[in-house]
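Work through the exercises below with the sequence and the model side by side. Each task is followed by a solution in steps.

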Amino acid sequence: MELRAIIVEDEANSREILRSYLGKYCEGVQLLGEAGNIEQGMALIQKHAPDIVFLDVEMPFGNAFDLLDQLPERSFETIFVTAYNQYAMDALNHHAAYYLMKPINIDEMVKAVEYVRAIKEKENALEGQVLKTKPIKAEGKITLPQQDGFQILDVGDIFFCKADDNYTEIYLERKKIVVSKTLKYFEDALQSYPFARIHKSYLVNVAEVVKYKKGKGGSVTLSNGKELSVSASKKAELLSYFQ
């Protein structure tokens, strides 16, 4: 698929390098525009709704994170381009798809673009489609610790698990079970089954996912009609179940 891109970079020379590399080495990328500051970048994003934004961190009148904080529901993927490695953690917290260091390595840039392309292709393939027919099924049993012993539950009966501090709420078709274990405990216990951690608060049975709606992270709808948010940092893990 063709990707629509925007460059937000205050240095003219860096913009020229990015433009040149995109044209020469990154097939299927349409450059929609370039901006030299945050305000111009915001205007371009709102006008064109790109798939990728190549974003420098340090710019006049604000930085990259100021721009992203103004777009909490963004649908584009961000590729940071910077000469400073101290921003890597902030980039991760803002759900960057990739972190390119200056001077830009061509192979790394191509890799970053293809990584975003894979995400977007999966999003487009999944959006609005019914996924229940996929050959994914959770078969097996799990024990739920309780004060007076434990309860045995069919893994396939679980729709999703929700974190509640040091407790986990386990949602079945018609009832909810609360267990005094963390969500991480169940993430580990169910790792051999098709369960995906889609959010800091949710672990879902992928076999019950019937719809995915794209966005910054997007959301999934389960077969019982429940819609759950997907965090941007967990999106790739979820989409990996639907090749």
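**Exercise 1. The chain as a whole**

What percentage of the 243 residues in the protein chain do buried residues make up?

Solution. The model is a predicted one, in which local features need pLDDT of at least 70, side-chain atom pairs count only at pLDDT 80 or more, and totals for chains, interfaces and linings use all residues. Residues are numbered from 1 along each chain as its sequence is written, and side-chain values use heavy atoms, with hydrogens and water left out.

Step 1. Set the cut-offs: buried means under 20% relative accessible area, exposed over 50%, and partly exposed in between (1.4 Å probe, protein chains only).

Step 2. With these cut-offs, 47% of the 243 residues in the protein chain are buried.

Step 3. The accessible surface of the protein chain is about 12,600 Å², and 46% of it belongs to carbon and sulfur atoms. Such areas come from the Shrake-Rupley method with a 1.4 Å probe; for residues, only the protein chains shown count as cover.

Step 4. The protein chain has 7 helices and 17 strands. Helices (H or I, at least four residues) and strands (E, at least two) are DSSP runs, numbered from the N terminus.

Step 5. Of the contacts between residues at least 6 apart in sequence, 55% join residues at least 24 apart; contact means heavy atoms within 4.5 Å.

**Exercise 2. Two helices and their buried faces**

Find the buried residues of H1 and H2, and decide how they are placed around each axis.

Solution. Step 1. Check the length of H1 (residues 12–25): its 14 residues should span 20 Å at 1.5 Å a residue, and the end C-alpha atoms are 20 Å apart, which agrees. The expected span is 1.5 Å times one less than the number of residues.

Step 2. Ser14, Arg15, Leu18 and Leu22 are buried in H1. Viewed down the helix axis, the buried residues of H1 fall within an arc of 105°, so they line one face. The arc is that of the directions from the helix axis to the C-beta atoms.

Step 3. The face of H1 turned away from the buried side carries Asn13, Gly23 and Lys24, which are exposed.

Step 4. In H2, the buried residues are Ile38, Gly41, Met42, Leu44, Ile45 and His48. Their arc around the axis is only 165°, which puts them on the same side of H2. Glu39, Gln46 and Lys47 are exposed on the other side of H2.

Step 5. The buried residues of H2 pack against several elements, including strand E1 (3–8), strand E2 (29–35) and helix H3 (64–69).

**Exercise 3. A sheet of five strands**

In what order do the strands of the open sheet lie, and which stand at the edges?

Solution. Step 1. The order is E12-E11-E10-E14-E13, with antiparallel pairing. Two strands pair if DSSP finds at least two bridges between them.

Step 2. Strand E12 (176–179) and strand E13 (195–199) are at the edges; each has a single partner strand, so one side of each is left without a neighbour in the sheet.

Step 3. Neighbouring strands of this sheet are turned by 25° against each other on average, direction ignored. The axes are lines fitted to C-alpha atoms, and angles run from 0 to 180 degrees between N-to-C directions.

Step 4. E10 (residues 160–164) and E11 (residues 167–171) pair in the antiparallel sense over 5 bridges. Among the partners, lysine 162 is bridged to glutamate 169 in E11, and cysteine 161 to isoleucine 170 in E11.

Step 5. E11 is joined to E12 by 4 bridges, again antiparallel. Isoleucine 170 has isoleucine 177 as its bridge partner in E12. E11 and E12 form a hairpin with 4 residues between them.

**Exercise 4. Backbone exceptions**

Which residues other than glycine have a positive phi, among them one in a hairpin turn, and which peptide bond is cis?

Solution. Step 1. Most residues other than glycine have a negative phi, and most peptide bonds are trans.

Step 2. Alanine 49 has a positive phi of about 50°. Alanine 49 is in the loop between H2 and strand E3 (52–56) and is partly exposed, at 48% relative accessible area.

Step 3. Aspartate 165 has a positive phi of about 55° and sits in the turn of the hairpin formed by E10 and E11, which has 2 residues between the strands. Aspartate 165 is exposed, at 73%.

Step 4. The peptide bond from lysine 102 to proline 103 is cis, with omega near -5°. Proline 103 is found in the loop between strand E7 (98–101) and helix H5 (106–126).
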